[in-house]
Amino acid sequence: MKIRIAQLNPTVGDIDGNRDRILSALIEAEESGADLLILPELCVLGYPPMDLLERHYFREYVYECNKEIVAETGKTALLFGSITPHEDQAGRKMYNSAILANEGKIRAVVHKTLLPTYDVFDEYRYFEPNRHFSPVNFKGLNLGITICEDIWSHENEFQYHTYDIDPARNLKELGADILINISASPFTQKKPELRLQMLRNHVKRLGIPMLYANQVGANTEIIFDGDSMALNKNGDLAGRASLFKEDHIDVDFDTAGVALTPVSGTGHDLSGKEERVFHALKLGLHDYVTKSGLGQKVVLGLSGGIDSALTAAIAAEAVGPENVIGVTMPSHFSSGGSVSDSEKLARNLGIQFLQFPIKKIYDTYIETLDPVFRDTEFNVAEENIQSRARGVLLMALSNKFGYMLLNTGNKSELSVGYCTLYGDMAGGLSVISDLYKNEVYRVSRWLNEYYYKREVIPESILTKPPSAELRPDQKDSDSLPDYDILDAILRSYVEEQLSPAEITRQGHNPEIVQWVVRAVDRNEYKRRQAPPGLRISPKAYGGGRRIPIVQRWTPKQ
């Protein structure tokens with residue numbers, strides 16, 4: 001039996017476009033002689049559809065589209081993810097389902113059992129869980145069909161909770177010859193290794209092969225990496241698809257020998273952490289711009305620092321350098337390098353470069369405020385005027401020409417509030433907000449050394465001490481701990497959710513730990529007003545981290 005696993009890039013809510021993409025994949029599979037085509041979870045809707053699911057007319061349109069897809073099936077059977085109605089009066093209105101069809105008819109419908117409600121997932125809000133298990137017979141083969149979380153039951157990156165149901169084991173015990181999982185599993189930096197190990201654990205534990213189809217592409221802040229694969233019962237890979245692009249793999253299943261053999265599939269070799277991060281953010285930005293319809297061109301401020309340099313490089317690769325406008329806006333406190341380094345970067349990337357000095361604008365603000373600011377010390381108020389003046393200019397370009405403003409802030413600074421509301425926090429998308437400062441440097445150096453193989457991000461940007469340049473001779477180190485220390489504490493507190501006492505026991509200064517923790521907690525109000533950011537860690541700021549702004553819980557040492 002020839003089986004094709006195809007990873008598609010659907011757009012949330014583009015039901016007609018997603019349907020056409022599915023049918024194109026079906027035609028190609030039929031032409032290749034495939035007996036079965038397997039597609040990802042909710043590929044008719046795109047993932048995550050969120051509260052679109054609450055609209056009855058949206059659901060009804062999807063159900064009609066399901067019928068259209070089924071009607072187009074022929075000899076090649078199609079297994080695809082969508083929603084199906086839950087007819088009982090009690091419970092939720094729909095299931096997250098896998099539909100198996102061929103010859104224009106539905107052969108089986110399987111519902112998702114485990115509905116995640118942690119991090120970016122909120123599926124129990126919408127879906128009724130499956131409560132009945134049965135393998136699906138297809139051409140004499142018993143298919144154990146599962147959907148995403150059904151096989152992540154005890155092996156998530158962070159164990160938020162465990163389940164008392166093991167769908168994979170249940171299906172094996174009921175006679176499944178092979179496990180199939182259709183998925184919309186988001187990318188994190190460690191996910192490819194964790195995913196492979198999780199699948200291997202299943203097949204070795206249960207002694208049957210596994211076919212895994214995962215979504216690729218990005219929808220809002222969530223990036224899906226694909227990485228679909230087929231594994232034999234001993235855990236050997238029979239095929240593995242590419243990361244970060246639409247792809248497919250073909251395998252032959254010998255039912256007598258219960259073995260998979262590869263037919264085609266390119267596989268992937270993106271083994272380096274920095275390489276994966278770059279390609280993930282490139283895909284995330286590309287899909288955000290193209291799928292949102294917010295404009296083809298992007299604009300960003302170029303400060304001469306590393307954050308804006310990396311953001312510009314990602315943008316040039318994601319949407320093309322001809323569609324990127326970089327703007328430098330020197331003030332009284334800008335170093336000479338802030339302009340020259342920005343200009344050199346723009347030239348190296350081939351992007352448009354504009355210069356708008358803000359000295360006169362800043363002086364006008366100060367003159368206007370003089371009646372109330374007079375006889376007070378220069379402080380963060382005067383610093384932030386500069387940032388907000390820059391934000392006004394960038395938003396003016398965005399409004400005038402339809403450019404989308406890219407935010408250039410990193411996770412280290414966003415965590416502790418080292419950023420300005422309505423200033424450098426402005427933007428339609430925050431590209432590197434889930435990268436700590438040290439990761440920004442590592443990805444930037446990787447770009448020069450391995451991707452460009454030349455100095456595109458100027459060495460002067462890579463080596464200068466980071467500075468906001470909002471006061472004379474300012475350095476980040478004046479206000480923040482060393483980034484090596486800060487990033488380690490932040491990772492422990494934000495992602496691993498350790499207490500200050502546990503972090504201190506790792507060898508960190510307790511006073512610094514307490515300062516970082518307090519800074520993270522008291523700046524939640526700022527992050528709530530930040531633009532959406534591309535997610536590449538298991539705990540990013542945004543919809544997956546729900547912390548109250550008004551609260552009095554203060555972790556103790």
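**Entry 1: sheet with β6 and β7**

I take two strands to pair if DSSP finds at least two bridges between them. The model I am reading is predicted, and I began with the hairpin of β6 and β7, which has 2 residues between the strands and in which K139 takes a positive phi near 55°. The two strands of this hairpin, β6 and β7, run antiparallel and are joined by 3 bridges, and I noted N142 in β7 as the bridge partner of N137.

I then followed the pairing outwards and found that β6 and β7 belong to an open sheet of 6 strands, with mixed pairing and the order β6-β7-β8-β9-β12-β13. Its edge strands, each pairing on one side only, are β6 (136-138) and β13 (237-240), and the twist from one strand to the next averages 20°.

On the other side of β7, I looked up its pairing with β8, which is parallel over 5 bridges; there I147 stands opposite I182 in β8. Is strand β7 largely enclosed or open to its surroundings? I recorded that 6 of the 7 residues of β7 (residues 141-147) are buried, so the strand is largely enclosed by the rest of the structure.

At the β13 edge, strand β12 (residues 229-231) pairs with β13 in the antiparallel sense over 3 bridges, and A230 stands opposite G239 in β13. I also checked what packs on this sheet: helix α4 (residues 191-206) does, touching β8 (178-183), β9 (210-214), β12 and β13, with its direction at about 30° to that of β12.

**Entry 2: the 5-stranded sheet and its helices**

Next I turned to an open sheet of 5 strands, whose pairing is parallel and whose order is β18-β17-β16-β19-β20. I noted its edge strands as β18 (352-355) and β20 (429-430), each of which pairs on one side only. Within this sheet, strand β16 (residues 298-301) and strand β17 (residues 324-328) run parallel and are joined by 4 bridges, with L300 standing opposite G326 in β17.

Which strands does α5 touch where it packs on the sheet? I found contacts with β16, β19 (404-407) and β20, the direction of α5 making about 155° with that of β19. Helix α6 (residues 306-319) also packs on the sheet, touching β16, β17 and β19, and its direction makes about 170° with that of β16.

From helix α5 (residues 273-292) I picked out L283, which is buried, with a relative accessible area of 11%. Setting aside neighbours within four places in sequence, I listed G217, A218, I223, F224 and F244 as the residues in contact with L283. I also looked up the C-alpha to C-alpha separation of L283 and A315, which is 10.0 Å for a pair 32 residues apart in sequence.

**Entry 3: salt bridges**

Side chains of opposite charge can pair when their charged atoms come close. My search of the whole structure gave 35 salt bridges, and I followed some of them individually.

K112 and E41 meet through their side chains in a salt bridge, 2.8 Å from N to O. This pair links distant parts of the chain, with K112 in the loop between β5 (105-111) and β6 and E41 in the loop between β2 (36-38) and α2 (56-71), 71 residues apart. I noted that both K112 and E41 are buried.

The salt bridge of R546 with D122 has its closest N and O atoms 4.0 Å apart, a value I set beside the cut-off of within 4 Å. R546 lies in the segment after α16 (524-528) and D122 in the loop between β5 and β6, so the pair ties together parts 424 residues apart in sequence. Here R546 is exposed, at a relative accessible area of 56%, while D122 is partly exposed, at 23%.

E413 and K437 form a salt bridge whose closest N and O atoms are 3.5 Å apart. E413 lies in helix α10 (residues 411-416) and K437 in helix α11 (residues 437-452), so the pair ties together parts 24 residues apart in sequence. Both ends came out buried: E413 has 11% relative accessibility, and K437 has a relative accessible area of 3%.

I also recorded a network of salt bridges that links K273, K411, D434, E439, R491 and E495.

**Entry 4: a surface patch**

Last, I noted a nonpolar patch on the surface formed by I361, Y365 and V392, with about 240 Å² of accessible area together. I placed I361 in helix α8 (residues 359-373), and at 32% relative accessibility this residue, I361, counts as partly exposed.

Note on methods:
Residues are numbered from 1 along each chain as its sequence is written. This is a predicted model: local features need pLDDT of at least 70, side-chain atom pairs count only at pLDDT 80 or more; totals for chains, interfaces and linings use all residues. Side-chain values use heavy atoms; hydrogens and water are left out. Patches are made of residues with over 30% relative accessible area and no salt bridge: like charges are joined within 9 Å, nonpolar side chains (Val, Leu, Ile, Met, Phe, Trp, Tyr) within 5 Å. Accessible areas come from the Shrake-Rupley method with a 1.4 Å probe; for residues, only the protein chains shown count as cover. Buried means under 20% relative accessible area, exposed over 50%, partly exposed in between (1.4 Å probe, protein chains only). Axes are lines fitted to C-alpha atoms, for helices over the stretch in contact, and angles run from 0 to 180 degrees between N-to-C directions. Contact means heavy atoms within 4.5 Å.
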